[in-house]
Amino acid sequence: MLAGASGEGAAFAMRLVVRAAEVLGAERLIPITGAHVDSCLYHGEATIDFVDRLVDGGAQVAVPTTLNIGGLDLLHPELWRGTAESAERSRLLMDRYRALGCRPTFTCAPYQLSARPALGDQVAWAESNAIVFCNSVLGARTERYGDFTDIACAIAGRVPDAGLHRTDARRAVLVLRIAADVPAALLDDDALYPVLGIVLGKVAGSRVAALDGLPRGLSEDRLKAVGAAAASSGAVAMFHAVGSTPEAPTLEAALQEGEPLETVDVGLAELRAARDELTTVGGGAPAGTPLGIVSLGTPHASLAEMRAIERELAGQHPAPGVELLVSTARDLLLEAEEDGLAARLRALGVELLVDTCSYIAPVLRPSPLPAMTDSGKWAFYAPGNIGVDVVFGSMRECVRSAVAGRVVRDDAMWGVA
Amino acid sequence: MGCRVKGRALSGGSATGTALVLDEPLSLWGGLDPATGRIIDARHPQRGSTVTGRILVMAGVRGSSSSSSVLAESARAGTAPAAILLGEPDLILAVGAAVAEELYGVRVPLVLLSRGDVLAIPDDAAVTIAEDGVVSVG
């Protein structure tokens, strides 16, 4: 393949895989059963020049490959507020990846699609939240692949035998122990999990950590929130939640019977500080602060999350002037449409966005007022990307705030008097 | 008073420039504007600094898997750093540099040093990087 027998595009892809193997110190390549590619998001003309080289060189993916979000919502082009030219460049890039044989899934949460890898499968995934979910929650194995490497591995059908593809690298070297002062009500609330993820990313950096002391059998949506936030505040590619993730039925299993290098207690004060840091509005956005935008669904909302939003709305609309937007995958929107859920949400004034994210694409109504989100990742990146001030809260607080048109918070469970 | 250390070249090339030592890890995606070469991460202490032509010194790496694209785009736009010195290996930046070289013939040397060697480089120091990964400081 390197010599060009499979075409110039495949040879280029193989050169990048070999470079990756050198950087990772791998001695050989191993086959993969699937890939998830993030390179379809436009970051300037270099991203188009790159894929043109592959397409013009006759490359095709060798394994089933899903696509991450692109720069715009292809199904709802009316939501676009940017220039026609930038929409055209984003659309062109997304089309080019289809030409390589990738599935047009356009979601950052490919693990919510019906076909997903299983425990022990070797894959090549990009997109930081997807990588951490793949390793941690599915127990499938991927290194932290990025743009260009992802599609190169998909075309080669192989990855370097290194890092998290190997059992020993999946061992927890760090334990985060939930301290006794964290109230049971908080452990049982969705609001905790993105905040815990922010703390995990800061403490762990790129190390594999085990979370000990959480309720067992945590939902995939809660584990998704932990991972997405941890991959934003740190470079976390895998974590274990004892009693919830497949390689951590016990703490000893997560440690692969070894000793941790470090054990860190995470208490209520630290969690509260991490939660407060996610809010960028001066003064910490006390209850009553007026809002312009509420953005949910980062990573893309699951059907269960969309149903929970509907339940929380309980027939109420967002206040006049407040935009309530939920991002999800086009495949899940199709299911929500068949089920009537999408129509019911739209009738209540909820905007549904697919194929992209509201901190990437220019879709939100310009507003001088802050935006509220339940996503640690959105709170982390939106101020830099789209220049909004952010208020962080749980999904329940976000929906109630959208209805009230101002911040509604439940501070009691965070130990705030 | 200079010193020479041997690193591992994750992406080849030689370069000379002044060091821009990052106080905290930076994700190029969301952190660097490839059109201008400026650091735009609102939470980064060096927000507003320009990386173009500098020897970017990063003890740790952070964040997004899209940083490869941002590095290649900054090479295309002529705003890339002259070289990057790393304290830990980073596949995402190494592949971004490989693509920049394949597409545009622009080399952004990427050299892995020990964390201690990286931390010893002062901001604004004159740095020379040789093809074999030897880094001379001061």
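**Architecture of the two chains and their contacts**

The secondary structure of chain A comprises 15 helices and 14 strands. The model described here is a predicted one. For a chain of 417 residues, a compact globule would have a radius of gyration near 22 Å, and the 21 Å found for chain A agrees with this. The C-alpha trace of chain A extends over about 65 × 55 × 40 Å along its principal axes. Of the 417 residues in chain A, 56% are buried. Contacts across the sequence are well represented too: when contacts in chain A with a separation of 6 or more are considered, 79% are made by residues 24 or more positions apart.

Chain A can be followed domain by domain. Its assignment gives domain 1 (8-166), domain 2 (171-267) and domain 3 (279-414). Between domain 2 of chain A and domain 3 of chain A, the C-alpha centres are 25 Å apart. Here 17 residues of domain 2 of chain A are in contact with 14 residues of domain 3 of chain A. On the side of domain 2 of chain A that touches domain 3 of chain A, two or more residues come from each of α6 (184-187), α7 (192-204) and α8 (220-233) of chain A. The most is given by α8(A), which supplies seven residues to that side. Sorted by class, the same side of domain 2 of chain A holds ten nonpolar, three polar and four charged residues.

Helix α15 of chain A, spanning residues 395-404, deserves a closer look. Which residues of α15(A) are buried? This helix is mostly covered, with eight of its ten residues buried. The buried residues are Met395(A), Glu397(A), Cys398(A), Val399(A), Arg400(A), Ser401(A), Ala402(A) and Val403(A). The cover over these buried residues includes two strands, β10 (293-301) and β11 (323-328), along with helix α11 (303-313) and strand β13 (371-373), of chain A. Just after α15(A) comes Gly405(A), which has a positive phi, near 80°.

Chain B brings its own fold to the model. Three helices and ten strands make up the secondary structure of chain B. Along the sequence, the elements of chain B are arranged as β-β-β-β-β-β-α-β-α-β-α-β-β. With 138 residues, a compact globule would be expected to have a radius of gyration near 14 Å, and chain B, at 13 Å, agrees. The principal axes of the C-alpha trace of chain B give spans of about 35 × 35 × 20 Å. Buried residues account for 54% of the 138 residues in chain B. Among contacts in chain B that link residues at least 6 apart in sequence, 78% join residues at least 24 apart.

Finally, the two chains meet. How many residues does each chain bring to the contact? Chain A contributes 34 residues and chain B contributes 29 residues. On the side of chain A that touches chain B, at least two residues are supplied by each of α1 (8-24), α2 (45-56) and α14 (376-386) of chain A. The residues on this side of chain A divide into 14 nonpolar, twelve polar and eight charged.

Notes. Residues numbered from 1 in each chain as written. Chains lettered and ligands numbered in written order. Predicted model: local features only at pLDDT ≥ 70, side-chain atom pairs only at ≥ 80, totals over all residues. Helix = DSSP H or I, 4+ residues; strand = E, 2+ residues; numbered from the N terminus. Rg over C-alpha atoms; globule rule 2.2 N^0.38 Å. Buried ≥ 20, exposed ≤ 12 C-beta atoms within 10 Å, placed from the backbone. Contact = placed C-beta atoms within 7 Å. Nonpolar A, V, L, I, M, F, W, Y, C, P; charged D, E, K, R; others polar. Domains from an automatic or database assignment.
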